[in-house]
Amino acid sequence: ANAGARGPVGIVAAAGTGLQEVSVLVSNAGAGISQALGTGGRDVKQDVGGLMFVEALRALADDPQTAVILLVSKPPHPAALKPIAAACRKIKKPVVSIFLGAPPDVAGAFSAQAATLEEAALVAARIAQAGAPVAAAAAVRCELDARNAVILKEAGRLAQELAPGRKYLRGLFSGGTFCAEAQIVLQGTLTGLWSNAPVGGAKKLEDALRSRENTLVDLGEDEFTVGRPHPMIDYDLRKRRMRAEIHDPETAVVLLDVVLGYGSHPDPAGELTPLVREAAGQVRVVCSVTGTDRDPQNRSRVATALEAAGARVMPSNAAAARLAGAVCSRLQRKERFRC
């Protein structure tokens, strides 16, 4: 959990780090959270059918402190989506959904449907501040389109700084939802996408300890966490993997999520900045920092320390994935042209 501002946006989430990301983005956008209710990822699978998701929806519908409801999950199984959509149609409050990688909401159950956690959070915040879901969604998309144009320009500059032969993206995630979102963001940008927790068109890694082409690894999967603390708490495994990726002559960008809050490492900047400096001149490190300035680690302080060491800190996980993907896409096209 993070220390965010109180406000009118209520969240139901079947994704832990997804809940953290949207809650801090809403808070940092000036809106704030009424309640943030996590159901666990299994709740939206076939065997459970969204039972707690629907109960949480009903609770927020009845909560006088909640004016806007934000739903966060990977795509629910149809057996769960059906009762969730039915419950949303009965709610008179605006409902914004981010079901990562899900098809469009053809049934019209939601007031707005977003493609990324960042878009969903900003739309919910905008609705809370100004009303009108359709207008809020359109305004946020315009803002993100403008920023994406800036990202593409920056990607060209960063690509020019890297040595020939460096072309691949290596993502090392502590949050499973962040790993999934990055894969979705990158599917239209990069080919040869691999993961130990693949979604969409990504392929399954045969060995999660060895990267292939563009690799995104969820270090919070059971294969890494049995018998050891979660990577949000213990950075040892991620640091060892990061050092290996930096010294791989084909690595161009290392992509990281840095998650703050209660239950996370007290000094992530202290853990990561030596490796960011080690990467300087060889590999670009791109990351996002999920947290607020009220968190024990203080988001601004962490971001400033990482940037001073040479990392590029983006405002969200989706933005970090876009920048990293755009850099590597340029390098890979250049490599094909050279061949």
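**Strands, helices and two single residues**

Colleague: Which residue of strand 3 does Val9 stand opposite?

Modeller: Val9 stands opposite Val68 in strand 3. In this predicted model, strand 1 (residues 6-13) and strand 3 run parallel and are joined by five bridges. The partner you asked for is therefore a residue of strand 3, namely Val68.

Colleague: How many of the six residues of strand 3 are buried?

Modeller: In a regular strand the side chains alternate between the two faces of the sheet, so each face has to be considered. In strand 3, Val68, Leu70 and Val72 are buried on one side, and Ile69, Leu71 and Ser73 are buried on the other. Strand 3 is therefore largely enclosed by the rest of the structure, and the number of its residues that are buried is six of the six.

Colleague: Which residue of strand 4 is opposite Val72?

Modeller: Strand 3 pairs with strand 4 in the parallel sense, over five bridges. Across that pairing, the residue that stands opposite Val72 is Ile98.

Colleague: How far apart are the end C-alpha atoms of helix 3?

Modeller: Helix 3 covers residues 78-89, and at 1.5 Å a residue its twelve residues should span 16 Å. The model agrees with that expectation, because the separation of the end C-alpha atoms is 16 Å.

Colleague: Within what arc do the buried residues of helix 3 fall, seen down its axis?

Modeller: The residues of helix 3 that are buried are Ala80, Ile84, Ala85, Ala87 and Cys88. Seen down the axis, these buried residues line one face of the helix, since they fall within an arc of 160°. They pack against helix 2 (51-62), strand 3 (68-73) and strand 4 (95-99), whereas Pro78 and Lys82 are exposed on the other side. The arc asked for is 160°.

Colleague: Which are the edge strands of the open sheet of seven strands?

Modeller: The order of this sheet is 8-7-9-6-10-11-12, with parallel pairing. An edge strand pairs on one side only, which is the case for strand 8 (203-204) and strand 12 (312-314).

Colleague: What angle does the direction of helix 6 make with that of strand 9?

Modeller: Within the sheet, strand 10 (residues 251-259) runs parallel to strand 11 (residues 284-290), and seven bridges join them. Helix 6 (residues 176-186) packs on this sheet and touches strands including strand 10 and strand 11. Its direction makes an angle with that of strand 9 (214-218) of about 160°.

Colleague: Are helix 8 and helix 9 roughly parallel or roughly antiparallel to each other?

Modeller: Helix 8 (residues 236-246) and helix 9 (residues 268-279) pack with their axes 10 Å apart and at an angle of about 5°. The residues making the contact include Met242 and Ile246 of helix 8, and Leu272 and Leu275 of helix 9. Angles under 35 degrees count as roughly parallel, and the two helices are therefore roughly parallel.

Colleague: Is Asp218 buried or exposed?

Modeller: Asp218 lies in strand 9, and beyond residues up to four places away in sequence it touches, among others, Phe173, Cys179 and Phe224. Its relative accessibility is 5%. As the cut-off is under 20%, Asp218 counts as buried.

Colleague: Is Arg294 buried or exposed?

Modeller: Arg294 sits in the loop between strand 11 and helix 10 (299-309). Apart from neighbours within four places in sequence, Arg294 is in contact with Ala3, Gly4 and Ala5. Its relative accessibility is nevertheless 57%, so Arg294 counts as exposed.

Key:
Residues are numbered from 1 along each chain as its sequence is written. This is a predicted model: local features need pLDDT of at least 70, side-chain atom pairs count only at pLDDT 80 or more; totals for chains, interfaces and linings use all residues. Side-chain values use heavy atoms; hydrogens and water are left out. Two strands pair if DSSP finds at least two bridges between them. Helices (H or I, at least four residues) and strands (E, at least two) are DSSP runs, numbered from the N terminus. Contact means heavy atoms within 4.5 Å. Axes are lines fitted to C-alpha atoms, for helices over the stretch in contact, and angles run from 0 to 180 degrees between N-to-C directions. The expected span of a helix is 1.5 Å times one less than its number of residues. Buried means under 20% relative accessible area, exposed over 50%, partly exposed in between (1.4 Å probe, protein chains only). The arc is that of the directions from the helix axis to the C-beta atoms. Angles under 35 degrees count as roughly parallel, over 145 as roughly antiparallel, 65 to 115 as roughly perpendicular and the rest as oblique.
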